Structure formats: structure tokens, C-alpha cells
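Here are a few short exercises to work through with the model open in your viewer. Try each task yourself before reading its solution.

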There are 2 protein chains.
Amino acid sequence: MSKETIFSTAPYKGTRDFYPTASLSTPGKSNYFKERQNHIKNTIEKVLVGCGFDEYSSSVLEYSDVFKQKSGEELASRALYEFTDRGDRQIALRPELTLGLSRVIAGQFDNLRFPLRWFSWDNCFRYERPQKGRLREFWQMEVDIVGLEAGAVDYEVIFVLGEIFRAFGADKNMYSIQYNHRGLMDLWIAKNGWQGFAGELFAVIDNWVKLDETARGIDLRKILDNQKDVQKITNTMNRIGEDFAEYEKLAEGFVELDLIKKNLQSVDLPIQFCPWIVRGQSYYTGLVFECFDKNNNNPRSLFGGGRFDNLLDLFGKSVPAIGFAPGDVSMHEFLTNWNLYPDVFTSQQKIGILPMSEKSLVKMYQEIIPKLQKQGQAFDIDYSYERSLNKRQEALLKRDCSENILVE
Amino acid sequence: MSKETIFSTAPYKGTRDFYPTASLSTPGKSNYFKERQNHIKNTIEKVLVGCGFDEYSSSVLEYSDVFKQKSGEELASRALYEFTDRGDRQIALRPELTLGLSRVIAGQFDNLRFPLRWFSWDNCFRYERPQKGRLREFWQMEVDIVGLEAGAVDYEVIFVLGEIFRAFGADKNMYSIQYNHRGLMDLWIAKNGWQGFAGELFAVIDNWVKLDETARGIDLRKILDNQKDVQKITNTMNRIGEDFAEYEKLAEGFVELDLIKKNLQSVDLPIQFCPWIVRGQSYYTGLVFECFDKNNNNPRSLFGGGRFDNLLDLFGKSVPAIGFAPGDVSMHEFLTNWNLYPDVFTSQQKIGILPMSEKSLVKMYQEIIPKLQKQGQAFDIDYSYERSLNKRQEALLKRDCSENILVE
């Protein structure tokens, strides 16, 4: 090896190094703390386990063909990490977790006890320009209930969503949940005679609230021939924005929407019906919802989900399913914005062990450490015999050891 | 999308799908249970946290140049998953964790409080023929102490190693730890005048115990011109195998070896000095060790480690370090061979909730669930109002719910 080459210490663009807070002299110099990522994971996981969910997982590497078919055009053409392995297989780093979930379920379909309440904390990759709240690698908690038709379970998912925000200490001024229904969208589009360009219109509507009147017009002109139609759609959309009644009248007969409304009457959740929530993925079939950060400095979509009753068709199976997937990058922004991270992350309080010389080691391993282990007490060992006791104790104090044991 | 395509449910070759045991009717039909992988992770993590280790992590994607320089020829030329991203960067799925650890440490070098006791549970990829105990994707617990010169800390690492096996319930008949020292190897090679082909000889010695006399001869002939030299080396190696005394005499002056011997006198660890342990990676500089499964049906190397005092040189920094990395694939074989997995993995015992109709839901969310949550009691909800109570209770029993609550 050439001794001269010095390699960069930067992680691959858009990925993160997570440091243990206790190891850093000036924690502010690092952007990412492992304890914070663990806090996001553990907080959500605790809610899910309490609500009867079980953990599964699968690999970040998948055969790429299924993503190209199903994850939406944008992902496949621009953002998918795809490559060829040494055996000429086309593989990809998964850009999301729901397709993998479907494959895993289909793989043991006849051996599974439905309904499944499953979760997985796993990483995904998208080739995008890294920015605040969006990186190339992110972790998601995939949360799904599989095997129950639209109905009471749709509200259960909303309930779990609310419990997650509550577990983070978020109150209803900090976030909102907005929901809609793909079936309702279809009825509404049919009612207005827009079936011919429904797919393209979904994409415009998905961005509706993020755009101003002019930008909406530009997007609509891409799919509509004349300005009169653009104006008509704009007017219809705006009218709905002012008064949901017309749109909601169509919702009669969707039992899951009735049940949500009924349950929400007695619950203090910041949730609203919103006709512009459609979600990007093409595989949604029923209820769709999206959670937003209400912070004025940085209002943004946090994550979303919905019902996907046909997704397992890809693997030759059929089962109804509903789920969502909060990600660690956007949740980090949310918790930071609202100051919801615990103030101090300390690793378990440790006892410092100070052997006085190398002769003390045998006693340390035979007597001191077994005693601490019996107490379930974590320890840290300082070997710098040559330094003064004061200096050694000071060093241990900086390492979260407020108590020390001297070993003669 | 074409409705006809049915995609395979197989995970990418050499990767695994992990199922929650409780979800499977016949668990034996699945090879991998999430609870078992978690058991491996959690058992090791508990030992490490008790011994004062802190968690870090980094991405599975790394710039590939550093692996090609340092991970050994075999890895780079045959087993490295390397590709080009859409921005023409050469990237790789990491084949091991120690190089990434070094990069992460170098990245905040002046901001870190050495010594570091760090761990990380992360996945690695190697393009190999999948076989028992070796897959293309595996998880490792990277365990390192960084910032302490060879000495007492080398035994601390051996101690932690023993604690991990103890935590799995392994006794000294089930595994062995064998150790050697790279500095000692260097002295021994110099003493015999073999410096000219030391690197190649290391590779042969690394396989010594796995090969018979003939195979060793073939390997040695590849690096030595005449049969006389081959015979001389073989004789010397065999003599050492029969009597370590000659080899061990060289060990005087290596303080870390003295300390290990001294501490081991009073500890019942299945550990032996072994001149054939050299470890594949070129970056080891001092103590090297390897753990073996002693199962007669499947004796094999489980994992290993050693001291790597120069590895951060690659990133322009210098700090002594020592570590090891047990992997989930080989530990799975070890625990299976010796029947060391807990008999039954149950998810947290759940209480089944049986709403009698849709009208019961509001009461369920307002009264029953908050009460269970206060008790920290996990629950499962059954919505099949149309079925008989008996059938519903039977179904819940199969889902680990031995107690049920009816909601009128």
C-alpha cells in the first residue's frame, strides 16, 4: 500500500455519521447523535409494541425490476440507486419499504396468520440533492396492518399515528394530519368528466397547496389543451377549498370515513379532511393521509401513508393493507423545530474504576467488576497509572463517571 | 402498469427476510426469525453497555477507494460490491465495519474524548457464494477500544469477548479463543530468514489448520522455489505445533501478552496461544485472536479481531486501537448448533380486545385502550363482529392473547 494517500473523512454524500454524544468534547460540532436517532426509533417502537405490532425486516438490496414497475416514474428514472451485480443481476438499494414488505408477506403467504400488525425500522436510498429534511439515505419505520378490509382498522391506523406524536411530546399545535380517499377522488374526477387525464391531474393536485395560482396554471396547461379547461379546474378546486361540503357529500358510503368521523368526535386530534391530499405513490387505493409540521419557520410534510389493497397482486397474492412510514430525517427536523428532543442524552451512568497499577488488574477482574455486574452497574476503566489521582478522576468525570472505585 | 407480470418473492440472493415468529402458523417453514436476530444483537449490546461502551453508526454506502486500498486483495477484486452513482462517484457497499469506524473517528478527531469504547450493529455485503454460515449480507457488532496503547486494555478486550459468550449461555466446551501477536510473527519470520515472502507466508499460515500436509505443500510451492525450503518451513511450523515453547520465548517483552497470561491464571476462559492465528486483514499490528465453534459437526471460525494501531493513518490521523466483530450469520450457526437460543420467543403477552360491534369502538378508544396503556399492557384488536365469540377467542389465543376483553 502507498503510505502517502490520505483519504477523505467525509461520509458518502447525503449519508450521515452518528456519534455518541458522550464521546464528543463539543457536541455542537457534530450534526448527528446516535442517541437522537435511537430516540426516534425507540419512541415509535414502544408505541407500536404497545399496540400489538411485531417486528420484521428485509435487506436494503432488492432485485430492481419491481421498483421500476411500481414506485412511480420519478423514482425509477431519477432517484433509484440501481446497478448490476457480478452475476449480472439487476439490483437496487430500496427507495422505500412498502414494496419489500409486500414481497416478504407474499413469500410466506399461506403460512401467515392474518391480520398482521407489523413494523420495521430500516434504511432507504434515493439519489436526490441533499437538503434540510431530505437526504440520500434515511431510516423509516414502516408500519402496516395487513389482512383487514377498509373499515374500523382505518381509524386504528389514525389512532396509532396520534399516539406516536403524543409519545414524542407533540401537541396539536405542532402538527396536523390531513386525509382524503382515493375512491372519493375517483368519484369526484368522474363527476367532473376528468377521467381522461386523471393520473396527470393527481400529480398536479398532489402539489396544489405548495403552489400559487400561476404555478398551478402552468402545471395544468401541461395536461390540458385550452385555458378555459384550466380555469374551470382551478375554479372547481378552489371552490372545494372554500367549502368541503360538496366534496364530502360524495363520501357517503365509505364506511371507513364514517368511522373516522365518528371516533374523532370524542378525540382531540389535529386531523382534517383535505381534498388535496392524494399521495405520490400510484399504489394507494383507499384512505390516504399526510402529516404536516405546523412550525411557521419550516412548515412541511413529515410523512404519510394510506391503504394499498392491490399491491400484493405484483407477487401473485391478494390481501388488503394499510400503513404509513415516518422517516428519521423529517422527524429529526420536526423534533428540532419544536425542541422536543430530551435535553440531555446521557449514556447509562457509569462507575469509574481506577486500578492503581498493573498489579491491581487481577483483583479488578476477580472482585470489583463481577460485583458491579451483579448490580447491573455499567463501568469505565482508566489505565493511566502514571497520572495523578486528581487528574484521573477529572478525566473520568468528563466521561459520565461521577463515582469512582480505587483498586489497590 | 402491466397487470400480468408476477414478480418473484425471493429476497436478493444471499440476503434474508426476517419474520416475526408469532405471525407464522408453522414457524419451521421460515428460516429466519426477527426475534433471533434481535437476540444476537441485544445480548451482545447488553454486555457492551455494561462494560461502558457507547453506540455510533455510519452508512452502508462508502466511497470505494479506501476499501480497494486496504481491505485485502481478495475483497477488492472479487467480493466488493462496487458501483458508480448517477454523479459518477465510485461507491461501495461496505464489506466490513472497521474502515468506516476509522473514517468516522478521523472525521471528528480533535473533538473526541479518547479513549473511546464504541460499538455499532450494522450490515455488510460481500459478493460470495452463499453457504451455511456465510451469506452476501450479514450484520456485525463492531466493538472497539480506541486511544489506548497495547497493554492492560488488550486483556479487557479478551474479557469482554468472554462475557459475550457467557451472556449467550455458552460454556468453555462450546468455543475456544486462540490468540497470537503480529509482532511476534514478525520476529519469528525474521529469526527464520523468511522476510522476503512474509506477506505470502501469512496467507498460507492463516489457512494452516484448515489444510492437510499436501494442501499446505501446494500453497507453499506457490511462493517458494524449491521443495527443500517448503519442507523446512513445514517442519518448523509442525515443530511449533507440537511445542509452543520455542515460539513463546520470543514473546517476552510484549507486555500485553504478559498481562493476558497473568489474568488468565485466575479465569476459566477457553483461550490458548496459537502461532497459526494471523487473521486475513493486512491492517493488524499487535494482538490478533479468533473464536472457534468447537461443535464436532461443524467446527469453524466464528469471528476474530485484533489490534490495528496504524489504520487511521489512511485518514491522516494516528491513534492506537483494538477491536473485534461478531457477525449474526456465524453466531446464528453457533447458537443453533449448541441449542442456545431461548426455547420460545413470544412477543410481549397481549390482551385481546373484542368489540361487539362498530358501536363499541368509541368506548374501546376512550376507556379500554387508555386503561391498558396506563398499565403498559400491549393489546390486539379483533374486528370480526360477524363471527361467533368462540371463534374470535380461538383466533386471539393463536395470536398470543390468553386474556380477552369484550367491549359492548
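**Exercise 1. Backbone oddities in loops**

Task: Where in chain B does B:Asn339 lie, and what is notable about its phi?

Solution. Step 1: B:Asn339 sits in the loop between helix H12 (328–337) and strand S12 (351–355) of chain B; helices (H or I, at least four residues) and strands (E, at least two) are DSSP runs, numbered from the N terminus. Step 2: its phi is near 55 degrees, which is positive although the residue is not a glycine. Step 3: B:Asn339 has 63% relative accessibility and therefore counts as exposed (buried means under 20% relative accessible area, exposed over 50%, partly exposed in between, with a 1.4 Å probe and protein chains only). Step 4: now look at B:Asp88, another non-glycine residue with a positive phi, about 65 degrees. B:Asp88 belongs to the loop between strand S3 (81–84) and strand S4 (90–93) of chain B, and at 65% relative accessibility it is exposed.

A note before you go on: this is a predicted model, in which local features need pLDDT of at least 70 and side-chain atom pairs count only at pLDDT 80 or more, while totals for chains, interfaces and linings use all residues. Residues are numbered from 1 along each chain as its sequence is written, chains are lettered from A and ligands numbered from 1 in the order in which they are written, and side-chain values use heavy atoms, with hydrogens and water left out.

**Exercise 2. A proline in each chain**

Task: Is the peptide bond from A:Phe114 to A:Pro115 cis or trans?

Solution. Step 1: omega is near 0 degrees, and the bond is cis. Step 2: place A:Pro115 in the loop between helix H4 (98–107) and strand S5 (116–125) of chain A. Step 3: turn to chain B, where B:Phe114 and B:Pro115 are also joined by a cis bond, with omega about -5 degrees.

**Exercise 3. Two packed helices**

Task: How do H7(B) and H8(B) run relative to each other, parallel or antiparallel?

Solution. Step 1: helix H7 (residues 198–206) and helix H8 (residues 213–223) of chain B pack at about 170 degrees, with axes 10 Å apart. Axes are lines fitted to C-alpha atoms, for helices over the stretch in contact, and angles run from 0 to 180 degrees between N-to-C directions. Step 2: the two helices are therefore roughly antiparallel (angles under 35 degrees count as roughly parallel, over 145 as roughly antiparallel, 65 to 115 as roughly perpendicular and the rest as oblique). Step 3: H7(B) contributes B:Glu200, B:Leu201 and B:Val204 to the contact, and H8(B) contributes B:Asp219, B:Leu220 and B:Ile223 (contact means heavy atoms within 4.5 Å). Step 4: follow B:Leu220, which is buried at 0% relative accessibility. Beyond neighbours within four places in sequence, B:Leu220 contacts residues including B:Trp208, B:Val230 and B:Ile233.

**Exercise 4. An aromatic pair**

Task: What is the geometry of the pair formed by A:Phe165 and A:Phe334?

Solution. Step 1: the structure has 40 aromatic pairs over all chains (rings of Phe, Tyr and Trp, its six-membered ring, pair if their centres lie within 6.5 Å; planes under 30 degrees apart count as stacked, over 60 as edge-to-face and the rest as tilted). Step 2: A:Phe165 and A:Phe334 are edge-to-face, at 5.6 Å centre to centre and 85 degrees between the planes. Step 3: A:Phe165 is in helix H5 of chain A and A:Phe334 in helix H12 (residues 328–337) of chain A, so the pair links parts 169 residues apart in sequence. Step 4: both residues are buried.
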